[in-house]
Amino acid sequence: MRRYAKRLAQKVAKLSNEQVESLLDMVLEENETLDAVMESLSTGLLICDKSGNLLLTNKTAERLLPFNATRVSIAEQRGQTTPVWNIIADSDISAFLRSVYDKPRNQTSEEFTLETAGGSVRIIVVTALPLVQKKRVVGTLIQIEDVTDARNQQTLLRRMESLASLTNLAASVAHEIKNPLGAISIHIQLIQKALKKARAGDGMLPDRKFVENYLDVVNEEIDRLNKIIVDFLFAVRPIQAKLEPVNPNEIINSLMEFMKPEFDKAKVELKLELLDKPPNLMLDVALFKQVIINLAQNAVAAMKNGGILGINTQIKNDHFILSVADTGEGMDEQTCSRIFEPYFTTKANGTGLGLTMVYKIIKESAGEIDVRSFPGEGTIFTISLPVPQKERRSIEYDGELKN
Ligand SMILES: Nc1ncnc2c1ncn2[C@@H]1O[C@H](COP(=O)(O)OP(=O)(O)OP(=O)(O)O)[C@@H](O)[C@H]1O
Ligand SMILES: [Mg+2]
């Protein structure tokens, strides 16, 4: 219709009155459509001519921008020869708009903070673009966007995330160092007491058992503190996985051989059910070995009177699934929900970092890890790793892969 109207307009001299009328109708209708579009935009728009005079605005712009109090209606400003920066009440935005005209650029954008009459603060982004018609710059298009909600949401999320992880880390370190610090403090007080007593008496050094033994305890606790910090740094440092295509069977088989004496000693029977021809997986060999050793050792520890350790691999939906199951003591729901937390342990000599590492390594290898446990019956850890694209065809070709 636009093109048709344009063509008609070119021949206006030859048109009948009726045709001119219908042409006018068309133009008016088009204008109304454009107006409706302008008004329903959620972005504020100001259109100015080459000298900065306001030609057109929409409602959103009028809502978002502060206009001078002297202005009766923005509509009245339209067509008047007042540059736009003179009718904006905010001096920063006004200066920005003026600079756009002083130094014309392709696109320029700036963020402003505005205080509304109600006292709340809004964040507004003002963008100025050249308005081009027939390859000539005929004015400026100014876009106004309210980004307050989006910004607040982002800040809140970021703050919540960092707070949550900081609180977790701080809480776990604080908890861990509390005991050794307490022990150090008590033993130093005991030494002070012994020294004081000695000074009040014959001036001789207190008995060896009172001081040197206490100092030994202090030293031991300092060592413990040191280990906590070293372990902690080890657990939180980012791991750099060197991923390469590897045959998972080779790793599992050699590790199981290596751990056999440990299993025998704990009366643990190993049941291996591995895929005949597994796809090569993208793994870091050293890290993947750590995963299996950690899971197997946890399983053995959970089977105090012996039991069965089952290691099974299969393919499901382009994923390699490795499960490590034991017939040990199992865990209740509450324990289960905390096992990946750094320092969570129920063992007298555990660091509680084994599964934290496992989790990090699996994530680093683009995998997932899941656990199901039944108190008194056993636990099963399931790891899912993506099969690399080029390995997938061979799986289909082989048809069903048997254990
Ligand atoms: N197979 C399992 N059966 C029952 N409980 C388990 C099993 N695996 C882990 N857990 C529980 O999860 C806790 C955390 O395990 P994780 O490997 O992180 O640390 P840990 O084994 O206690 O210490 P470390 O690994 O340093 O020896 C364990 O203390 C135990 O309570
Ligand atoms: Mg462990």
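**Notes on helix H9 and its surroundings**

1. Let's start with the H8–H9 pairing. On the H8 side, Ile251, Ile252, Leu255, Met259, Glu262 and Phe263 meet a set from H9 made up of Val285, Phe288, Lys289, Ile292, Ile293, Ala296 and Val300. Sorted by class, this contact has 11 nonpolar residues and two charged ones, with no polar residues. Keep in mind that we're looking at a predicted model.

2. Now the geometry of that pair. Helix H8 covers residues 248-265, and its axis comes within 11 Å of the axis of H9, with a crossing angle of roughly 35°. As for hand, the crossing of H8 past H9 is right-handed.

3. Next, the core. The largest nonpolar core has 27 residues, and Val291, Leu295, Ala296 and Ala299 have the most contacts inside it. Two or more residues come from each of these elements: strand E8 (281-283), H9, strand E9 (307-316), strand E10 (319-326), H11 and strand E12 (378-386). H9 is the biggest giver here, with eight residues. Ala296 is worth a second look: it has a place among the best-connected core residues and also among the H9 residues that meet H8.

4. What is Leu295 in contact with, once its neighbours within four places in sequence are left aside? The partners are Val324, Val358 and Phe381. There is also a second, separate core of 15 residues, with Cys48, Val84, Val100 and Ile124 among them.

5. One H9 residue to check by eye is Asn298, which is found in this helix. Is Asn298 buried or exposed? Asn298 counts as buried because 20 other C-beta atoms lie within 10 Å, and the cut-off for buried is 20 or more. Asp326 is 28 residues away from Asn298 in sequence, yet their C-alpha atoms are 9.2 Å apart in space.

6. On to ligand 1. There are 23 residues around this ligand, and those that come nearest are Ala302, Thr345, Gly350, Gly354 and Leu355. By class, the shell has 13 polar, seven nonpolar and three charged residues.

7. Which helices each supply at least two residues of that shell? They are H9 (285-302) and H11 (354-364). H9 gives the most, with four residues.

8. To pull this together, H9 is the thread through these notes: H9 meets H8, gives the most to the largest nonpolar core and gives the most to the shell around ligand 1. H11 turns up twice as well, in that core and in the ligand shell.

Notes
Residues numbered from 1 in each chain as written. Chains lettered and ligands numbered in written order. Predicted model: local features only at pLDDT ≥ 70, side-chain atom pairs only at ≥ 80, totals over all residues. Near = placed C-beta within 6 Å. Nonpolar A, V, L, I, M, F, W, Y, C, P; charged D, E, K, R; others polar. Axes fitted to C-alpha atoms, helices over the stretch in contact; angles between N-to-C directions. Left-handed = near helix turned anticlockwise from the far one by under 90°. Contact = placed C-beta atoms within 7 Å. Core = buried A, V, L, I, M, F, W, Y, C linked by C-beta atoms within 7 Å. Buried ≥ 20, exposed ≤ 12 C-beta atoms within 10 Å, placed from the backbone.
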